[in-house]
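Hi,

Here is the model I promised to send over. Have a look at it first, and my notes on what turned up are underneath.

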Amino acid sequence: MAIFNPIDIRKDFPTLEQKVNKHNLIYFDNGATAHKPKVVINSIQEYYTNKNSNIHRGVHTLSRQITEAYEQARVTVQHFVNAAFSHEIVFTKGTTDSINLVAYSFGKRFVKAGDEVMISAMEHHSNILPWMQLCEDRGASLKVVPINKAGEIKVEDFTKLITDRTKLVAITHVSNTLGTINPIKEIIHNAHLRNVPVLIDGAQAVPHLKVDVQDLDADFYCFSAHKMFGPTGVGVLYAKEKWLNEMPPYQSGGGIIQTVSFEGVTYAPAPLKFEAGTPHIAGGIGLATAINYINQIGFEQIEKYENELLNYAQSQLHQMEEVEIIGQSEHKAAVVSFIVKGLHPYDVGMILDKYGVAVRTGHHCTQPLMDYYKIPGTIRASLAFYNTFEEIDTFVTALKKAIKMLS
Amino acid sequence: MSIEENEKEIIDEFNIFGDDWESRYEYIIDLGKSLPLLSDAEKHDNLLIKGCQSKMWLKTYFDGTLMSIRADSDAIITKGMAALVIRVLNNHRPEEIVNAPLNFIDAIGLKEHLSPTRANGLTSLIKQIKLDALAYLSKGSSETK
Ligand SMILES: Cc1ncc(COP(=O)(O)O)c(C=O)c1O
C-alpha cells in the first residue's frame, strides 16, 4: 500500500485541474457526483475503441471477451461489498433505479393492503417516493422514523415502530444532507428479530467507507457508480439470493428469459432476470475500474484522511459565530451542511461559486428533513479523498468574504 | 422612459464596474437589501412562484393601460435581480412587457442568473410577469394578480 498523498492522487483526476471564475476549482460537491480518475476514463474509451460488442449474445470472439469482462466487473463489485455470490449483484442505472426495482418487484410479491413500509425522516427523495408510490398502489402505509436534533436515528425508535404488518424497512446508510452514519447493523439486527427485511440506500456510503453486506446482514444494498468515481448511468442492487429468486422481474424484454413462447416464459435466474435489454456495458467496466482504483488506495487510508478533513472543516466552521452546522452526529462521513444565520443558502452558494468553490445549496432532495429543521436549505460541503486542508482554508476565506458581502 | 431606455440606463451604470464582479454583486446585493418590495403581510403563498431554490413572490396590477409589478424574495441576490427587472418593466403597457427581450441581463454580465440550473427563480419570475401581462392583454380591464 503506497503512502497516502492527496497531491499525487489529485494528478489522477483531470477535471480537478481547472480554473472556475479565474480561481482554482475547489470541488466540494462530491455528494452530488464525484470526479473520475484517468484510469476510469481510459477504460471507457478502451471499451468503445477496441472492445465494443454486445454481451451474452454472440459466439464471436469480441462478444465472448466483453461478456467475460462484464461478468468480471460483477465479481469485482461482489468483492467490493463482500457479497456471498456474484449473482446477487444486479446492475442497474443507479441508486434510484435500484430502489425502484425493489419497490416494484418486492412490492408486487410481498406488500399487500394494510401492510407497512418503514423509512426514516432523513431519506433522500429517491428513498421516499418509490415507497410512497408503492404504498399508494397497494393500499399500504408508509411509516417514518423520527430523528433527533443532532441528526441521528435512535435504534429503539426504529424497533418500537415495527409491527406485524411491517414488510420492509428502507433506510440510508449515510445521510447525503447531514453526513450521519446510521447504526444500520443494529437496525438490521433488530428488524430481523421481527422477520422484517431491510433495504439500505448506500449511495453516500460507498465512496467513504468499507461496506460488508454479509457482516451487515443487509437484504438489499443500493448504490451509484458516479458517486464513487465511476461513470454516470450505472449502479448496483445487491440483494440476497433468496429475495431475488422470489421477486418477479422489474422490466420485461430481451435477455431475461430462458425460453419464450406466446404461451409463457421461463425467466433466467438472477441477476439476468432483472437486467432486461442491453445494459450500460461501458458503465459496468468503468465501475469495476473505479473499484480497483479505490482498492489501491484502500478504505483504511481513505477513512482516516477524510476524518481528518472533516474534523478540520468542522472546527474551522465552528469558529465562525454566524455559522451553524446542521447534523452534529458523532458518526459522520465527510459531509458538512451548514447555514449562515440571517443569510439565504442560495446567496452564499452564489458568491462561493464566484470564488471557484463548488458547493451545493438547497434542500438536497431531502425536503422533509429541511421541514424538520425549519430551514429552507443548507450549504453543503461534501468532501472526497482528493480534497485538501489548503482547499478548506481557501473555502473558509471565501465564505468569510461572502458573508461580509451579503451582511 | 421606454423599456429599452431603462435597459440602456442600467447597462451604462454597470459599465462603470468593468469586469469587476465583486462591485457588480455588491450593487445587486445593496439593491436587494435596500428595497422593501412587499410587506410581510402581503407575502401570501398564492403569490409564490414555484420551483425556485429561494422563495419568490410576485404581485402585479393592471389599471387598464399600464401594468405595475412588485416582487420579493428571501434571497438577497435574487431580490436585487428582481428589483432590476422591475425597474425596467414597471409601469409599461402589457404588450410592451410581453415583447421585451430583456437583453440587459446578458449585457451587464449577469446572464448566469438565467441559467436553468440556478433554480433561482429569475427565469420563472420573468415568465410569470409575461404570463400576467398576456392575461391582462386578453382581458383589457383593470385587475390585480
Ligand atoms: C442518499 C442518496 N440516495 C439516493 C440518491 C440518488 O442517487 P442517483 O441519482 O445516482 O440515483 C442520492 C443522490 O444524490 C443520495 O445522496
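Let me start with a small spot in chain A: H364(A) sits in the loop between β16 and α13 of that chain. What caught my eye there is the backbone, as H364(A) has a positive phi of about 55° without being a glycine. Do keep in mind that this is a predicted model.

There is another backbone oddity in chain A. The peptide bond joining A270(A) and P271(A) is cis, with omega at about 5°. P271(A) belongs to the loop that runs between β12 (264-267) and α10 (281-297) of chain A.

Now the chains as wholes. Chain A contains 14 helices and 17 strands. Its radius of gyration is 22 Å, close to the 22 Å that the globule rule gives for 407 residues, so chain A is as compact as a globular protein of that length. If you want a feel for the dimensions, the C-alpha atoms of chain A fill a box of roughly 70 × 55 × 35 Å along the principal axes.

Chain B has six helices and three strands, and along the sequence they come in the pattern α-α-β-β-α-α-α-α-β. A compact globule of 145 residues would have a radius of gyration near 15 Å, and chain B agrees with that at 15 Å. The box for the C-alpha atoms of chain B is roughly 45 × 30 × 25 Å, again taken along the principal axes.

One residue in chain B is worth clicking on. E143(B) is in strand β3 (residues 143-144) of chain B. Its C-alpha atom is 5.2 Å from that of F62(B), although the two are 81 residues apart along the chain. Apart from neighbours within four places in sequence, E143(B) is in contact with T60(B), Y61(B), F62(B) and Y136(B).

Next, the inside of chain A. The chain is divided into domain 1 (6-30 + 298-398) and domain 2 (41-295). The C-alpha centres of these two domains of chain A lie 28 Å apart. Where they meet, 36 residues of domain 1 and 30 residues of domain 2 take part in the contact.

The two domains of chain A bury about 2,700 Å² between them, and carbon and sulfur atoms give 59% of that. On the domain 1 side, F299(A), L369(A) and Y372(A) supply 23% of the area buried against domain 2, more than any other three residues. As for polar links, there are zero salt bridges between domain 1 and domain 2 of chain A, but 21 residue pairs in polar contact (both at pLDDT 80 or more).

Which elements of chain A give two or more residues to the side of domain 1 that touches domain 2? They are α11 (299-318), β14 (335-340), α13 (367-373) and β17 (378-382). The largest share comes from α13(A), with six residues. Sorted by class, this side of domain 1 has 19 nonpolar, 11 polar and six charged residues.

Last, the interface of chain A and chain B. The contact involves 14 residues of chain A and 18 residues of chain B. Together the chains bury about 1,600 Å², with 58% of it on carbon and sulfur atoms. Three residues, Y346(A), K354(A) and M405(A), supply 40% of what chain A buries against chain B, more than any other three.

How many salt bridges cross the interface of chain A and chain B? The rule finds zero. Polar contacts do turn up between chain A and chain B, in five residue pairs (both at pLDDT 80 or more).

On the side of chain A that touches chain B, α12 (345-354), β16 (360-362) and α14 (389-406) each supply at least two residues. Of these, α12(A) gives the most, with six residues. The classes on this side of chain A come out as seven nonpolar, four polar and three charged residues.

If you open the file with just one thing in mind, I'd go for the contact between the chains and look at Y346(A), K354(A) and M405(A), given their 40% of the area that chain A buries there.

Cheers

Note on methods
Residues are numbered from 1 along each chain as its sequence is written. Chains are lettered from A and ligands numbered from 1 in the order in which they are written. This is a predicted model: local features need pLDDT of at least 70, side-chain atom pairs count only at pLDDT 80 or more; totals for chains, interfaces and linings use all residues. Side-chain values use heavy atoms; hydrogens and water are left out. Contact means heavy atoms within 4.5 Å. Buried area is the accessible area (1.4 Å probe) that two parts lose on being put together, summed over both. A salt bridge is a side-chain nitrogen of Lys or Arg within 4 Å of a carboxyl oxygen of Asp or Glu. A polar contact is a pair of N or O atoms within 3.5 Å; within protein, one must be able to donate a hydrogen and the other to accept it, and residues adjacent in sequence count only if both atoms are side-chain atoms. Helices (H or I, at least four residues) and strands (E, at least two) are DSSP runs, numbered from the N terminus. Ala, Val, Leu, Ile, Met, Phe, Trp, Tyr, Cys and Pro count as nonpolar, Asp, Glu, Lys and Arg as charged, and the others, Gly among them, as polar. Domain bounds come from an automatic or database domain assignment. The radius of gyration is taken over C-alpha atoms; the globule rule is 2.2 Å times the number of residues to the power 0.38.
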